[in-house]
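Student: Could we go through this protein model together? I would like to learn how to read its main features.

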Amino acid sequence: MYSQDPKVRRRRLQLRFFYYGVMTVSVIALTVVGVFFILGYRINLEKNTVNVSRGGLLKFNTQPTGAAVYFDGSRLATNTPHQVNITSGKHQVSYSKEGYQTWQKDIQMHPGELLLLNYARLIPNSITTTSLRSLPTLHQTLASPDREWLALHELPEAPTILLTDARNERSTAFTTLVLSEAVFSKKPNVASSFQIMEWSGDSKFLLIKHMSGQDVEYIRVPRDDQARAVNMTKLFNMPLASMHFSNNNANVLYATDQNNSLYRLDINRPGNKVHIADGIGQFDDLSDDKIAFIAPSADKNKKDTMLSIWQAANQKTTVIKTIPVGQPVLLVYSPYLSKEYLSVTIGQSLTVYESPLSTGHKTLQSSMLPFTPVVMAASPGGRFVMLQAGEAAVNYDIELKTSYTLHSPGETRQPLQWIDDYHLALTGGSGMRFVEFDGTNMQQVTQVAPGYDAMIGIDGRIFLSIGRNSTSGGLELQQSQLLTPADQNAGLF
């Protein structure tokens with residue numbers, strides 16, 4: 001029965017407020033603890049003392065998946081992919097999978113950081129390499145940006161390109177592109193030569209350079225329809241010294257003429273040739289409407305050389321930096337995530353600008369290199385900029401704002417080649433090896449003939465390269481399996 005006694009009612013009301021208060025405080029406390037847990041804070045018991053420290057989240061993954069994870073020497077309960085919250089400071093991570101070489105890296109976790117170790121490529125202990133096609137002669141090879149096609153040019157004087165279709169790693173297909181004589185100028189008794197210059201960014205077109213005596217022509221060839229090949233020199237009715245696809249539009253190209261004047265050319269509007277600058281040294285485009293270049297000052301009274309960016313939208317040129325005359329210069333203009341980055345070397349100095357066209361743009365890096373680079377290349381994803389001179393190389397990490405030294409003593413270093421967003425291919429006396437962006441986990445893949453472009457398949461299962469036949473010594477296109485037989489049958493990756 002409900003009591004009408006005021007004292008009893010008051011006591012019940014007090015108990016109710018007490019319980020509600022305890023529940024409210026508990027919820028708030030648990031919420032605060034949960035938030036701090038999510039932010040990486042942990043309670044550590046060391047030497048009878050209680051310390052609260054902030055760690056971070058570490059995410060693991062491997063190619064192929066299913067590798068055991070060892071963290072500071074102890075195996076975690078779950079294989080890759082996996083994630084754990086760890087304390088800040090130095091740690092060691094290693095991956096182990098039956099049939100594969102061990103992967104290992106020392107890391108530095110900063111408070112509140114999200115660290116991704118999801119790029120590890122595990123290499124089998126024993127790699128099977130088979131011959132796909134004998135090549136009596138070979139002039140050059142070039143991998144497509146989408147890592148689905150490898151173009152092979154066998155004879156420099158022949159207007160034919162052999163396309164390797166690597167989209168199906170179990171059944172590699174070949175297509176031969178033959179340029180019609182109607183698409184290029186041929187002079188009687190004058191030798192011709194052809195060279196693959198580049199793929200378009202969408203991997204649908206090839207740009208071929210044709211040389212006949214002193215004459216130079218550029219031809220755009222569709223990958224899937226050679227009949228639609230277009231002579232760019234004739235289309236734009238101008239002598240061209242160099243030509244390049246814009247990064248994001250195969251219909252827009254940047255070209256220089258024989259006087260080193262830079263132009264923007266649009267296939268859909270061949271009569272609208274946009275002049276950008278004269279006296280061009282180096283240039284690299286971000287897109288079909290932005291390009292960075294080195295050229296003399298527009299002021300004829302000055303002898304300075306300028307690093308500038310031109311924008312198609314407003315036909316405006318913005319000067320970024322004055323460069324001393326006579327210094328060797330390399331530049332890369334590339335996107336990463338949602339921002340633009342302009343990297344430039346002047347002699348042995350490296351400068352990296354973030355959002356170079358914005359007011360008050362940031363200078364991420366300004367430092368001296370131990371060498372004067374002769375090669376500069378951004379990774380496919382834009383996070384890294386690799387600089388190289390012979391055996392010495394440095395890789396700059398835009399995201400972490402740090403540099404890594406890559407070195408392989410005792411070898412004649414071919415130019416390093418990016419094979420994916422995090423790995424480079426190195427060709428030396430020991431054959432082809434993969435090495436990560438920071439110089440760690442360098443692992444042997446296969447024996448190759450140096451000087452040719454190689455390609456890892458888009459699904460990561462196979463690696464295409466040029467090798468030598470062990471019996472005849474002749475060149476051949478070869479395919480290396482990057483999975484063990486067990487993982488191939490399981491369909492991993």
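Tutor: We shall discuss a sheet, two hairpins, some empty spaces and several single residues in this predicted model.

Student: Let us start with the sheet that contains β3. In what order do its strands lie?

Tutor: This open sheet has three strands in the order β6-β3-β9, and its pairing is mixed. The edge strands are β6 (82-86) and β9 (114-121), each of which pairs on one side only. From one strand to the next, the twist averages 20°.

Student: How many bridges join β3 to β9?

Tutor: Six bridges join strand β3, residues 56-63, to β9, and the two run parallel. Within this pairing, Phe60 has Leu117 of β9 as its bridge partner.

Student: What holds paired strands together in general?

Tutor: Strands of a sheet pair through backbone hydrogen bonds, and they may do so in a parallel or an antiparallel way.

Student: What about the ends of β3 and β6? Which peptide bond leads to Pro64, and is it cis or trans?

Tutor: The bond runs from Gln63 to Pro64 and is cis, with omega near 0°. Pro64 sits in the loop between β3 and β4 (68-71). A second cis bond runs from Thr80 to Pro81, again with omega near 0°. Pro81 belongs to the loop between β5 (74-75) and β6.

Student: Why point these bonds out?

Tutor: They are worth noting because most peptide bonds are trans.

Student: Now the empty spaces. How big is the second largest pocket?

Tutor: The second largest pocket has a volume of about 500 Å³. It is lined by 21 residues, and those closest to its centre are Leu115, Tyr119, Leu400, Tyr404 and Phe437.

Student: Which strand gives the largest share of that lining?

Tutor: That is β9, which contributes six residues to the lining of the second largest pocket. Strand β8 (103-109) also supplies at least two residues of the lining. By class, the lining has ten nonpolar, four polar and seven charged residues.

Student: And how many cavities of 30 Å³ or more are there?

Tutor: A search of the whole structure finds one cavity of 30 Å³ or more. Its volume is about 30 Å³. The residues that line this cavity are Arg121, Ile123, His423, Phe434, Glu436, Asn441 and Gln443. They divide into two nonpolar, three polar and two charged residues.

Student: Next topic: hairpins. How do β11 and β12 pair?

Tutor: Strand β11 and strand β12, residues 149-153, pair in the antiparallel sense over four bridges. Thr141 has Leu152 in β12 as its bridge partner. Five residues lie between the two strands of this hairpin, and Arg147 takes a positive phi near 60° there.

Student: Which way do the residues of β11 point?

Tutor: Gln140 and Leu142 point one way from strand β11, Thr141 and Ala143 point the other way, and all are buried.

Student: What does the hairpin of β25 and β26 look like?

Tutor: Strand β25 (residues 305-311) and strand β26 (residues 316-323) run antiparallel and are joined by seven bridges. Leu307 stands opposite Lys321 in β26. This hairpin has four residues between the strands, and Gln315 takes a positive phi near 55°.

Student: Where does Asn260 lie, and what is its phi?

Tutor: Asn260 lies in the loop between β20 (249-256) and β21 (262-266). Its phi is positive, about 65°, although Asn260 is not a glycine. Asn260 has a relative accessible area of 39%, so it counts as partly exposed, which is the class between 20% and 50%.

Student: Let us finish with Ser200. Is it buried or exposed?

Tutor: Ser200 is buried, because its relative accessible area is 0% and the cut-off for buried is under 20%. This residue lies in the loop between β15 (192-199) and β16 (205-212).

Student: What does its side chain contact?

Tutor: A polar contact of 2.5 Å joins the side chains of Ser200 and Asp202. The side chain of Ser200 also reaches the backbone nitrogen of Lys204 at 3.3 Å.

Note on methods:
Residues numbered from 1 in each chain as written. Predicted model: local features only at pLDDT ≥ 70, side-chain atom pairs only at ≥ 80, totals over all residues. Heavy atoms only, no water. 1 Å grid on protein atoms, 1.4 Å probe; cavity = no way out; pocket = protein on both sides within 12 Å on 5 of 7 lines; lining within 4 Å. Points joined across faces, edges and corners; volume = space filled by probe spheres on them. Nonpolar A, V, L, I, M, F, W, Y, C, P; charged D, E, K, R; others polar. Pairing = 2+ DSSP bridges. Axes fitted to C-alpha atoms, helices over the stretch in contact; angles between N-to-C directions. Buried < 20%, exposed > 50% of the residue type's maximum accessible area, 1.4 Å probe, protein only. Polar contact = N/O pair within 3.5 Å; in protein donor to acceptor, adjacent residues only side chain to side chain.
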